[in-house]
Amino acid sequence: ESVTTKRVVRVAQVPIDRQLARLDVDAIRARVESIAAIGSAEVSRSWPHTLAIEITERVPAAIVERSGRPLTVDLEGVLFDGPRAGLVRIQTHDEASVQALAQGARVAASLPDSLRSRVSHIELESIDKIEVRLKDGRRIVWGSAANSSQKAEVAEALLRGKARVVDVTVPGRPTTR
């Protein structure tokens, strides 16, 4: 969807004048997988003269800004150019680790539509210091991405009240202020 066939062919650098049996399919796969938006690629021969390249694109989970440029991030914490419509923005520092970005992306992906529509952004300080900021100024102290589905459910229930801060770090023992 976001990586064109033309780009894959250009990056694959398949030598046209080489016999199919002599092509290094592992090297071709590695070149194609160097495109950040591609999660994996499979390269196969189809005799007598066809080489097939099948790619699986990364699935965008959130938006992260890096050096003033918006990028998408997947659940593995990999940044790439990809579609951004409907994604939650993660606000973090440029030095955030891949693991921290993955945690933030998992939180973003776990938000049900009813809660996602109320989110201004996610603040990501570290792997276990994540907050969800709502458009109305309220905050959800999330902690890590562990138990995110349960945390989202508890947060939604507690947001029906007047609390300004909902802490679901331990979803079985939430607090409000």
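Colleague: Which residue is the bridge partner of Ile140 in β10?

Modeller: In this predicted model, Ile140 has Val166 as its bridge partner in β10, and the pairing of β9 with strand β10 (residues 165-167) is parallel, extending over 3 bridges. Between these strands the chain passes through helix α5 (residues 148-158), in a β-α-β crossover that is left-handed.

Colleague: What makes β8 and β9 a pair of strands?

Modeller: Two strands pair if there are at least two bridges between them, and strand β8 (residues 129-134) shares 4 bridges with β9 in the antiparallel sense, so the requirement of at least two is met. One of the bridge partnerships joins Arg133 to Arg139 in β9. The two strands form a hairpin with 4 residues between them, and Gly137 in the turn has a positive phi of about 95°.

Colleague: Why is strand β9 described as largely enclosed by the rest of the structure?

Modeller: Of the 5 residues of β9 (residues 139-143), 4 are buried, so the strand is largely enclosed by the rest of the structure.

Colleague: Why is Arg138 called buried?

Modeller: Buried means under 20% relative accessible area, and Arg138 has 7%, so this residue is buried. Arg138 lies in the loop between β8 and β9.

Colleague: How do you know that the side chain of Arg138 makes a polar contact with Gly161?

Modeller: The cut-off for such a pair of N or O atoms is within 3.5 Å, and the side chain of Arg138 reaches the backbone oxygen of Gly161 at 3.0 Å. A polar atom of that side chain also lies 3.2 Å from the backbone oxygen of Ala163.

Key:
Residues numbered from 1 in each chain as written. Predicted model: local features only at pLDDT ≥ 70, side-chain atom pairs only at ≥ 80, totals over all residues. Heavy atoms only, no water. Buried < 20%, exposed > 50% of the residue type's maximum accessible area, 1.4 Å probe, protein only. Right-handed = clockwise from strand over helix to strand, strands pointing away. Polar contact = N/O pair within 3.5 Å; in protein donor to acceptor, adjacent residues only side chain to side chain.
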